[in-house]
Amino acid sequence: MFRRLSLASAAVLLMLSLNSVANADPIIVGVSSPSLATANITSFSLSGNTFTFTIQNTSPFDARITGIGFDLPGAPRDGFTASNVAGFRFTDSNDSNVPQFNRAVLDFAFVTGNSGNFNGGFPNNAIAPGGSLTFTVSGNFGSLSAEQIINTILVRFQRVGPNGNDSDVGTAMPGAPNAPVPEPATMILLGTGLAGVASRVRRRRRQTAKEETPETV
């Protein structure tokens, strides 16, 4: 009976550890220069029809983020709205001129150029290395989750490389938001609980063995 309870307790602790995980925020890497054009999504959320995300430029040298767009799954979507943010202008013009992605059609984007073209942009108005900005978009995202939305991000980099002569487009690393990362407190709790269960089992076995040992006359 005790053994069954011990196993049940261990199973409960294991279930708690599996449920207490944190989703890792995705990392953006360049298609042509993965180590020279990089960014982190430090947070993202979807509340009703409002999607919010924060992006940080982690590129080396002086690579600038001049455009941020989303190519949502399914047919191109319209009707999204957002406010301009610190040099970035919102557009939902379904721009298909995305370098390195000839078939990409953006449902909406934040760009630094006056034309609204994702391929253009002004580096002086962009996000420099170490800088970050938060953007909020409202519209009909249908049944998409926040993770599915953020995985469709396309980030335009300019002034890439030690000489600043290159450009690139980065995407979220596949599956990055969905990779479960166990929280340290959860792992400590699991280890402590299993250690306690093992200790009780050993004590119970020693007691049982002592009781079953015949007395000598």
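Begin with the whole protein chain, coloured by secondary structure: the assignment comes to 3 helices and 12 strands. The coordinates are those of a predicted model. Of the 217 residues in the protein chain, 37% are buried. The exposed surface amounts to about 11800 Å², and carbon and sulfur atoms supply 54% of it. If contacts are restricted to residues at least 6 apart in sequence, 68% of them join residues at least 24 apart.

**Strands β2, β3 and β4**

Select residues 27-30 and 38-47, which are strands β2 and β3; they pair in the antiparallel sense over 3 bridges. Within this pairing, Val29 stands opposite Thr38 of β3. Next, add residues 50-57, strand β4. The pairing of β3 with β4 is also antiparallel and extends over 8 bridges. Here Phe44 stands opposite Phe53 in β4. The hairpin of β3 and β4 has 2 residues between the strands, and Gly48 takes a positive phi near 65 degrees in it.

**The loop after β4**

Move on to Ser59, in the loop between β4 and β5 (64-70). Is this residue buried or exposed? Its relative accessibility is 6%, below the 20% cut-off, and therefore Ser59 counts as buried. Show its side chain together with that of Asn57: the two make a polar contact at 2.9 Å. A polar atom of the Ser59 side chain also lies 3.0 Å from the backbone nitrogen of Thr38, the residue already seen opposite Val29. Beyond neighbours within four places in sequence, Ser59 is in contact with Leu36, Ala37, Thr38, Pro129 and Phe157.

**Aromatic pairs**

The structure holds 13 aromatic pairs. Select Phe53 and Phe135 to inspect one of them: the ring centres are 5.3 Å apart and the planes are at 20 degrees, so this pair is stacked. Phe53 belongs to strand β4 and Phe135 to strand β9 (residues 132-138), so the pair ties together parts 82 residues apart in sequence. Phe53 and Phe135 are both buried.

A second pair to display is Phe80 with Phe108, whose ring centres are 4.8 Å apart; their planes are at 50 degrees, so the pair is tilted. Phe80 sits in the loop between β5 and β6 (81-82) and Phe108 in strand β8 (residues 108-111), and the pair links parts of the chain that are 28 residues apart. Phe80 and Phe108 are buried as well.

Now widen the selection to Phe51, Phe53, Phe70, Phe80, Phe88, Phe90, Phe108, Phe110, Phe135 and Phe141, which form one aromatic cluster.

**Nonpolar cores**

Which residues of the largest nonpolar core touch the most other members? In this core of 33 residues, they are Phe51, Phe53, Ile55, Ile68, Phe70, Phe135 and Ile153. Two or more residues of the core come from each of β3, β4, β5, β8, β9, α2 (146-150) and β10 (153-160). The largest share, 4 residues, is that of β10.

Centre the view on Phe51 and show its surroundings. Not counting residues up to four places away in sequence, Phe51 touches Phe44, Ser45, Leu46, Phe70, Phe135, Thr136, Val137, Phe141, Ala146, Ile149 and Ile150. For the final selection, turn to another core, of 8 residues, which lies apart from the largest one; Ala104, Val111, Phe118 and Leu154 are among its members.

Note on methods: Residues numbered from 1 in each chain as written. Predicted model: local features only at pLDDT ≥ 70, side-chain atom pairs only at ≥ 80, totals over all residues. Heavy atoms only, no water. Buried < 20%, exposed > 50% of the residue type's maximum accessible area, 1.4 Å probe, protein only. Polar contact = N/O pair within 3.5 Å; in protein donor to acceptor, adjacent residues only side chain to side chain. Contact = heavy atoms within 4.5 Å. Phe/Tyr/Trp six-rings, centres within 6.5 Å; stacked < 30°, edge-to-face > 60°. Areas by Shrake-Rupley, 256 points an atom, 1.4 Å probe, with all protein chains shown as cover. Pairing = 2+ DSSP bridges. Core = buried A, V, L, I, M, F, W, Y, C linked by side-chain atoms within 4.5 Å.
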